[in-house]
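Thank you all for coming; I would like to take a few minutes on the enclosed spaces and the charged side-chain pairs of one model. Please look at the sequence and the structure first.

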Amino acid sequence: MSELVIRDFKIMTKNVPLKQPFITALHRVDAIQAVKVKVILNNGIFGIGSCTPNEKVTGDTLTSCRQILQEVICPALRGQSFENWEELLKKLKETIQGNTPAKAAVEIALYDARRKWFQVSLCQLLGGKPRPVMTDYTISIGQPEAMIAQAKKMVSEGFTDLKIKLGRQPLKEEISTVEAISDAVGSNIDLRLDINQDWTVKKTMIAIDQWHQADLNIAFIEQPLPAQDLAGMSFLTAHSCFPIMADESVFSFADAAKLLQMHACDYLNIKLMKTGGLSEAEKINALAELYGVKTMVGCMIESVESIAAAVAFAAAHHNVGFVDLDSIFMADQDPELINYVTLKRNEIHLKA
């Protein structure tokens, strides 16, 4: 029998409008923009992956991702053995520095082809049993009245966890906005606050003190400080009464190791677009588990192909304590959604 090798790749782009603009302290997004990758093996098996770049987080654009895929990554992997799995993943990682979204698209496609080869689900391939996962819903930055209205709407639609984007506004206003949202949705709803690097240690401690006095149900405060301020993150982790989550501070296993050694977070946010795919995400989650640190599987404003892979990852690992994979709920309509998942209130059910 001839060796199984990668015969070819196909690269496509997709654009799915959002129901409304998504605004954070870093940027505004009006549509899901993704690059799809199809890997084709010489026996006819194929796998699909996708990536969504983020100029402010990963330093990529849709154009740069597509160009790197076409000119660097796919030519390097074409003709490579699919059976020598570890060597294949190593070659993918070493094709070029950075460019983690492009690498993620290819790696997700490779995993999709591998699970078809073994005739199992991706969740089973990753060592778990397929199950639905519950995601939060993210309230983007806007006028306080609009944020409160959206929070109430999403709770009425079945979401029990809300992620609230903060930053850009005066601190006093942001503190009161969170308190107003909490009053509007009730104390049974967990609030996850995402600052996207916009605050200082002093601002964060002021907010923490006021929210603690108000007895808010805050699950964690995510990346309040600039990504490189690990000393500040360590201080907050030691002194905050609310858990601190690292996001932009962790892309790789090495980043995670440094954060955990410095006790610079209580939780880690794993995103496939940051890690370059599933294999690095597996390593980060395993390391976090050794330290007794729960992880969250998060996303950019991604399309269903990469979200489905992240859902399988979350379902497969008990150390994933939080799921933030809500972009497919924000899309106006993705015709490919039905091929991958079913959405039921706040649950994502993977198709077989």
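I will begin with how the model was treated, then turn to the cavities, and end with the salt bridges.

This is a predicted model, so local features need pLDDT of at least 70 and side-chain atom pairs count only at pLDDT 80 or more, while totals for chains, interfaces and linings use all residues. Residues are numbered from 1 along each chain as its sequence is written, and side-chain values use heavy atoms, with hydrogens and water left out.

Let me start with the cavities, a cavity being a set of points, on a 1 Å grid over the protein atoms alone, where a 1.4 Å probe fits but cannot get out. Grid points are joined across faces, edges and corners, and a volume is the space filled by probe spheres set on the points. By this rule there are 3 cavities of 30 Å³ or more, and the largest of them has a volume of about 200 Å³. Its lining, meaning residues with an atom within 4 Å of a point, consists of 19 residues, and those nearest the centre are Phe22, Lys165, Lys271, Cys299 and Met300. By class, the lining of the largest cavity comprises 6 nonpolar, 5 polar and 8 charged residues, where Ala, Val, Leu, Ile, Met, Phe, Trp, Tyr, Cys and Pro count as nonpolar, Asp, Glu, Lys and Arg as charged, and the others, Gly among them, as polar.

Now to the salt bridges, each defined as a side-chain nitrogen of Lys or Arg within 4 Å of a carboxyl oxygen of Asp or Glu. The structure holds 21 of them, and I have picked out two.

In one, lysine 14 meets glutamate 336 at 2.8 Å, N to O. This pair links distant parts of the chain, 322 residues apart, with lysine 14 in strand S1 (residues 6-23) and glutamate 336 in the loop between helix H13 (327-330) and strand S13 (341-344); helices (H or I, at least four residues) and strands (E, at least two) are DSSP runs, numbered from the N terminus. Lysine 14 counts as buried, at 10% relative accessibility, whereas glutamate 336, at 23%, counts as partly exposed. Here buried means under 20% relative accessible area, exposed over 50%, and partly exposed in between, with a 1.4 Å probe and protein chains only.

The other joins lysine 274 and aspartate 247 at 2.7 Å, N to O. Both lysine 274 and aspartate 247 are buried, each at 1% relative accessibility.

Notes
1 Å grid on protein atoms, 1.4 Å probe; cavity = no way out; pocket = protein on both sides within 12 Å on 5 of 7 lines; lining within 4 Å.
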